[in-house]
Amino acid sequence: MIEFQNKLEKNSQKIDRFLDSYLPFGNSLNSKLFEAMRYSSIGGGKKIRAFLVLESGRFICAINNKTLTKSKYNELIAAGSAIEAIHSYSLIHDDLPAMDNSPVRRGKPSNHIKFDHHTAILAGDGLLSWAFEIIGDSTFISNSEKRSEICFVIARAIGPNGMVGGQQADMDYTKHKSIDLDKIEWIQYHKTGALISCCSHVASILLNASNDQKSNLINYANHIGLAFQIADDLLDLDGNEESMGKPVRQDMKNETPNFVTILGKEKATKRALEESSKAINLIQKFKQESENLVSLAKYTVNRNK
Ligand code: IPE
Ligand code: IPE
Ligand code: MG
Ligand code: MG
Ligand code: MG
């Protein structure tokens, strides 16, 4: 576990370096906007989505007996960084008073507290658009067909049929105590799962995975995404604010239904573990090659932040 956490930490540093190098400071009246974008994306967060992009890429190379070239590695880092910028945007907006109204994120004042509401809204918009500048730029991803396919796959995962649709439903079902499990699953798949499974999809495109390899990895990531959100809901109830870097019992305070409020702690824990095992079963036959993805599946449910 400690060894895995070191790997995750190293990955975070790489992504932070990319963001620090390519996310500018602004050159004129947009300086404050860039400051706010950098504040919420660099130097915080577990960066597990970028880790999943990179490790899915490594896995595809390994099972096809190919080496991961430096240029392919750099493409995975660029795509992973763009996805992390999108994830940071979603958290800035998620914390706004009109949404979860959360004052602390990643151990610091949330963007709208540090800056102001309009800056937080625009910093989120800025990170979202900037991510597509990176994906669309031939400096980072050389093949134009891959660039356009990745743009499509990411846009679909985070738009109204993906993350944003899930966030809308998550808000609309606030205070609906008797919401059924199917709806909770729909919400989680859209608000969290879609972006997580998109990470494996993007790596599959970049590394020319076969259709079978791609669908197997996306399936793996779908189980990870579900386990990850159930663990987030469990941590909301029982986690430690200091290690998590965000307030606990937010869902209770906001009366946001989640896996734990609907299933109870015990069943929710069991479900998270089942999803993590299902993810592992899909990749386990590749013993050596799957080590990091297996560790990620375990970490997803055994984390304290
Ligand atoms: C938090 O995501 C929001 C969810 C989708 C559950 P993370 O737990 O990945 O947050 P960071 O990036 O590490 O801060
Ligand atoms: C956030 O879910 C999902 C997205 C930002 C898309 P949560 O509201 O549960 O995330 P936390 O608990 O605030 O990190
Ligand atoms: Mg929320
Ligand atoms: Mg929230
Ligand atoms: Mg949560």
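1. A polar contact here is a pair of N or O atoms within 3.5 Å; within protein, one of the two must be able to donate a hydrogen and the other to accept it, and residues adjacent in sequence count only if both atoms are side-chain atoms. By that criterion, an N or O atom in the side chain of His87 lies 2.8 Å from an oxygen atom of ligand 1. Polar side-chain atoms of two arginines also approach oxygen atoms of ligand 1: one of Arg49, at 2.7 Å, and one of Arg106, at 2.7 Å. On its own, ligand 1 has 390 Å² of accessible area, and the protein covers 89% of it (Shrake-Rupley method with a 1.4 Å probe; for residues, only the protein chains shown count as cover).

2. The model is predicted: local features need pLDDT of at least 70 and side-chain atom pairs count only at pLDDT 80 or more, while totals for chains, interfaces and linings use all residues. Side-chain values use heavy atoms, without hydrogens and water, residues are numbered from 1 along each chain as its sequence is written, and chains are lettered from A and ligands numbered from 1 in the order in which they are written.

3. Which residues surround ligand 1? The shell consists of Gly45, Lys46, Arg49, His87, Leu91, Arg106, Thr192, Phe228, Gln229 and Asp232 (a residue is near a molecule or strand if one of its heavy atoms lies within 4 Å of it). By class there are two nonpolar, four polar and four charged residues; Ala, Val, Leu, Ile, Met, Phe, Trp, Tyr, Cys and Pro count as nonpolar, Asp, Glu, Lys and Arg as charged, and the others, Gly among them, as polar. Helices α4 (70-95) and α10 (211-238) each supply at least two residues of this shell, and α10 gives the largest share, three residues. Helices (H or I, at least four residues) and strands (E, at least two) are DSSP runs, numbered from the N terminus.

4. Ligand 2 is surrounded by Ser90, Leu91, Asp94, Asp100, Arg105, Met163, Gln167, Lys191, Gln229, Asp232 and Lys246. By class, this shell has two nonpolar, three polar and six charged residues. Three side chains place an N or O atom at a listed distance from an oxygen atom of ligand 2: Arg105 at 2.8 Å, Asp232 at 3.2 Å and Lys191 at 3.4 Å. The protein buries 89% of the 390 Å² that ligand 2 exposes when taken alone. Two or more residues of the shell come from each of α4, α8 (163-172) and α10, with α4 giving the most, three residues.

5. Which residues coordinate the magnesium ion (ligand 3)? Asp94 (OD) and Asp100 (OD) do so, at 2.2 Å. The magnesium ion (ligand 4) is likewise coordinated by Asp94 (OD) and Asp100 (OD), at 2.0 to 2.1 Å. Asp94 bridges the two ions, ligand 3 and ligand 4, which lie 3.1 Å apart. Donors are N, O and S atoms within 2.8 Å of the metal (3.2 Å for Na, K and Ca); water is not among the atoms, so sites may look incomplete.

6. Are these two aspartates, Asp94 and Asp100, buried or exposed? Both are buried: Asp94 has a relative accessible area of 12%, and Asp100 has one of 13%. Buried means under 20% relative accessible area, exposed over 50%, and partly exposed in between (1.4 Å probe, protein chains only).

7. Asn254 belongs to helix α12 (residues 250-254). Because its relative accessible area is 16%, Asn254 is buried. Apart from neighbours within four places in sequence, Asn254 is in contact with Asp100, Thr174 and Lys175, contact being heavy atoms within 4.5 Å. Asp100 is thus shared between this point and the metal site, where Asp100 (OD) coordinates the magnesium ion (ligand 3).

8. Gln213 lies in helix α10 and, at 19% relative accessibility, counts as buried. Its side chain reaches the backbone nitrogen of Ser210 at 3.0 Å. Leaving aside neighbours within four places in sequence, Gln213 is in contact with Ile60, Ile63 and Asn64.

9. In α8 the buried residues are Met163, Gly165, Gly166, Gln167, Ala169 and Asp170. They pack against α4, α7 (144-158) and α9 (181-206). Met163 and Gln167 also appear in the shell around ligand 2.
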